[in-house]
Amino acid sequence: MSIKEKINILKEKEKKIHEMGGEQAVSKLTSKGRMTARERLEYFFDQGTFQEIDKFVTHRCTNFDMKNTEIMADGVITGFGLVSGRTVFAYAQDFTSHAGTLGEMHAKKICKIMDLAMKTGAPFIAMNDSGGARIQEGVVALGGFGDMFFRNTAASGVIPQIAAIMGPTAGGAVYSPAIMDFVFMVKKSGQMFITGPDVIKAVTGEEISFEDLGGAVTHSEKSGVCHFACENDHETIDSIKTLLSYLPSNNMEDAPFEATDDSVFRECPDLDTVIPDSPSTPYDMRDVITSIVDDARIFEPLRNFAMNMIICFARIGGRVVGIVANQPSFLSGCLDIDASDKAARFIRFCDAFNIPILTITDVPGFLPGSNQEWNGIIRHGAKILWSYSEATVPKILLITRKAYGGAYIAMSSKHLGADMVFAWPSAEIAVMGAEGAANIIHRREINGSSNPSEKRKEKIEEYENLFSNPYEAASIGFVDAVIRPSESRIKIASALAALITKTETRPAKKHGNIPL
């Protein structure tokens, strides 16, 4: 056989593999507005850069007539390419080929590119669209999941790992995305759950739809499993590329610098009036954040989950920062179980990947109530304390208004290692609010007064003058500078530039035991 004939055989084999599950299966998928696995990868990578690995791999199962079942590329396309000029490894499960089910060789293909991503220090992207474990292959399919989980864990904090849920993802398949750093989901087509609606009905009698049980909206608002809920495949992939633009390729690099025309010496006059005169009146912390950062641009995970806490990526002076901020317009910005979890994981991600952390505080305390106590606010709240204490990246704190009690400590205070602490003149740094403090400290004096309301007012004012300001904390070095709100961007940008060479170590140990 001539080389030309051999090349033609290769072309025919490739053509068949590129047809995936066949014309009918592909048409059924695309008629629902979904992209095929190959289209997703082609759209994701810079044009012409995707290189497929293990195209000819197929299963070797012989049970249940599988010997006569052909599955193109064993239901998953794997490879690497460039995204905005940087190397990225990825896989996309092919639902048109045996429902993208995961078997022995399918998992081996994924594990191979995970290993390559680790060896080369490149981000890893998973596009999930699968019917789950391939039942015909039995325990080897389950072993494939385990091999992936092990690699996800080993890669955590070494390379960014991003999952896109673009179709069904059930049972054991949900845990690889859950271990990864960020989860994107496509509304109405992406679903995640441990047990499906049919099993739930059979076991508990509860009736629930696939979307209500494990859809993108559910996981982005109720469980916090999904960081970004997107309208369609294109938006999902575009959003992943945006996220990558804020991240280094690995933990030995810095995040990409992006030049801006937005001067670091720009004042923010709107911030001088953003704080309401009444301490109980809410305002939108995003107004503060967007005023301070470059070009008013932020990229915000978990926007609709634990909305009393904001986490986002942004740039200041071209440098990437991770921002953690209380949101006074929701639950007064209190710390609760979900807000603590949300902030703690984001802090640890930023620390792992050399991203400085800017914290903006307006917090009246931890959310009170039996429900919070019984569900472990002590344990969950401890996570945010732990995460800030553990972080060695540059840490800058800005206190805009309330910073009360244990929540003051938790929000990146000097005591947890903040490198630079700024406070606005409106900052109130105290054990608690003036009214509550006066009622406790001067209870007898107030109750014994001929005019209790007037005496209470007097004592509240006395406490406010003593502690409901930033100057007491500044006098003992807990606040480094009291600044005008309008100069916040200038001060923070200068601090970031000064801290860029910061080095700090912790005691040598295998790892700590975070209060999970």
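**Strands, pockets and one buried loop residue**

Reader: How many of the 8 residues in strand β3 (residues 86-93) are buried?
Author: Quick ground rules: this is a predicted model, where local features need pLDDT of at least 70 and side-chain atom pairs pLDDT 80 or more, while totals for chains, interfaces and linings use all residues. Residues are numbered from 1 along each chain as its sequence is written, and side-chain values use heavy atoms, with hydrogens and water left out. β3 (strands are DSSP E runs of at least two residues, helices H or I runs of at least four, numbered from the N terminus) is largely enclosed by the rest of the structure, because its buried count (buried: under 20% relative accessible area, 1.4 Å probe, protein chains only) is 6 of 8.

Reader: Which residue of β3 is the bridge partner of V76?
Author: Start with the hairpin: β2 and β3 have 2 residues between them, and S84 in that turn has a positive phi of about 50°. Strand β2 (residues 76-83) runs antiparallel to β3 over 8 bridges (two strands pair if DSSP finds at least two). V76 is matched there with Q93.

Reader: And towards β4, which hand does the crossover from β3 have?
Author: β3 and β4 (residues 124-128) are parallel, joined by 4 bridges, with F89 opposite F124. To get there the chain passes through helix α4 (residues 104-120), and the β-α-β crossover (right-handed if the path over the helix runs clockwise with the strands pointing away from the viewer) is right-handed.

Reader: Which residue in β17 stands opposite F422?
Author: Work along from β14 (residues 395-404), which pairs with β15 (residues 420-423) in the parallel sense over 4 bridges. L397 has V421 as its bridge partner, and the link through helix α15 (residues 405-410) is again a right-handed β-α-β crossover. On to β17 (residues 481-482): 2 bridges join this strand to β15, also parallel, and the residue opposite F422 is A481.

Reader: Which element gives the largest share of the lining of the largest pocket?
Author: That pocket (on a 1 Å grid over protein atoms alone, an open set of points with protein on both sides within 12 Å along at least five of seven lines; a cavity is where a 1.4 Å probe fits but cannot get out, and lining residues have an atom within 4 Å of a point) has a volume of about 1,500 Å³. Its 44 lining residues come closest to the centre at A344, R345, R348, I514 and L516. By class there are 20 nonpolar, 11 polar and 13 charged. With 10 residues, the largest share belongs to α12.

Reader: How much space lies in the second largest cavity?
Author: There are 2 cavities of 30 Å³ or more, and the largest holds about 60 Å³. The second is lined by Y91, Q93, L102, N128, S130, F145, M148 and A173, with β3 and α5 (139-155) each supplying at least two residues. Its space comes to about 40 Å³.

Reader: What is the relative accessible area of N308?
Author: N308 sits in the loop between β10 (298-299) and β11 (309-316). Its contacts (heavy atoms within 4.5 Å) include A325, N326, F330 and D336, leaving aside residues up to four places away in sequence. N308 is buried, with a relative accessible area of 1%.

Note on methods
Points joined across faces, edges and corners; volume = space filled by probe spheres on them. Nonpolar A, V, L, I, M, F, W, Y, C, P; charged D, E, K, R; others polar. Buried < 20%, exposed > 50% of the residue type's maximum accessible area, 1.4 Å probe, protein only.
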